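Here is a short tour for anyone meeting this structure for the first time. Take a look at the model, then read on.

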Amino acid sequence: MLDSMGIDFGATLAAFALTAALLWLLQPLARRLNLLDHPAGRKDHAVPTPVTGGIAIFLAVTVLFFWTGARSPAAYS
């Protein structure tokens with residue numbers, strides 16, 4: 001459902017939930033494939049951290065665009 005500003009809050013919430021699920025699912029794969037950001041120099045984290053956040057966001061937004069995009073005029077503005 002779109003609000004007066006053209007934001008589909010249902011799709012936004014679904015994208016957030018799908019991104020969170022994908023982050024959780026991609027962590028073991030990232031560790032197996034060594035897709036990790038290792039602490040060094042200006043990196044503040046204490047242990048190697050998976051770098052799959054961008055992949056999870058891209059996949060979630062792409063899936064939800066095709067799932068809701070045809071029905072949401074906000075997708076084309």
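Phe65 counts as partly exposed, because its relative accessibility is 32%, which falls between the 20% and 50% cut-offs. Keep in mind that we're looking at a predicted model here. Phe66 is exposed, since its relative accessible area of 67% is over 50%. How many aromatic pairs turn up in a search of the whole structure? The search finds 1. That pair is made by Phe65 and Phe66, and it is edge-to-face. In general, a pair of aromatic rings is described by the distance of the centres and the angle of the planes. For Phe65 and Phe66, the centres are 5.3 Å apart and the planes sit at 80° to each other.

Now step back to the overall layout. The protein chain has 2 helices and 2 strands, and reading along the sequence gives you the pattern α-β-β-α. Of the 77 residues in the protein chain, 21% are buried. The protein chain exposes about 5800 Å², and carbon and sulfur atoms supply 71% of that area. Contacts across the sequence matter for the picture too: among contacts in the protein chain with a separation of 6 or more, 43% link residues 24 or more positions apart.

What does the record add? An unreviewed UniProt entry carries the annotation "transmembrane region" for residues 6–26 and 47–67. In the model, residues 47–67 are 71% helix and 10% strand, and the C-alpha atoms at the two ends of that span lie 37 Å apart.

Next, the contacts between the helices. Thr19 has its place in helix α1, which covers residues 9–32, while Ala60 lies in helix α2, residues 53–68. Is Thr19 buried or exposed? Thr19 is buried, because its relative accessible area is 13%, under the 20% cut-off. Ala60 is buried as well, with a relative accessibility of 0%. If you skip residues up to four places away in sequence, Thr19 touches Ala56, Ile57 and Ala60. Seen from the other side, and again leaving out neighbours within four places, Ala60 is in contact with Ala15, Leu18, Thr19 and Leu22.

Two pairs of C-alpha atoms give you distances to look up in the model:

| Pair | Residues apart along the chain | C-alpha separation |
|---|---|---|
| Ala60 and Ala21 | 39 residues | 9.4 Å |
| Gln27 and Val51 | 24 residues | 8.7 Å |

Gln27, from the second row, also lies in helix α1. Its label is partly exposed, because a relative accessible area of 37% is neither under 20% nor over 50%.

Val51, the partner of Gln27 in that row, shows up again on the surface. Which residues make the nonpolar surface patch of about 320 Å²? They are Leu29, Leu33, Leu35 and Val51. Leu33 has its place in the loop between α1 and β1, where β1 is residues 36–37. Leu33 counts as exposed, because its 54% relative accessibility is over the 50% cut-off.

To wrap up, try finding three spots in the model: the edge-to-face pair of Phe65 and Phe66, the contact of Thr19 with Ala60, and the nonpolar patch that includes Leu33.

Key: Residues are numbered from 1 along each chain as its sequence is written. This is a predicted model: local features need pLDDT of at least 70, side-chain atom pairs count only at pLDDT 80 or more; totals for chains, interfaces and linings use all residues. Side-chain values use heavy atoms; hydrogens and water are left out. UniProt positions are given in the numbering used here, feature names are shortened, and annotations may be inferred rather than shown by experiment. Helices (H or I, at least four residues) and strands (E, at least two) are DSSP runs, numbered from the N terminus. Buried means under 20% relative accessible area, exposed over 50%, partly exposed in between (1.4 Å probe, protein chains only). Contact means heavy atoms within 4.5 Å. Patches are made of residues with over 30% relative accessible area and no salt bridge: like charges are joined within 9 Å, nonpolar side chains (Val, Leu, Ile, Met, Phe, Trp, Tyr) within 5 Å. Accessible areas come from the Shrake-Rupley method with a 1.4 Å probe; for residues, only the protein chains shown count as cover. A salt bridge is a side-chain nitrogen of Lys or Arg within 4 Å of a carboxyl oxygen of Asp or Glu. Rings of Phe, Tyr and Trp (its six-membered ring) pair if their centres lie within 6.5 Å; planes under 30 degrees apart count as stacked, over 60 as edge-to-face and the rest as tilted.
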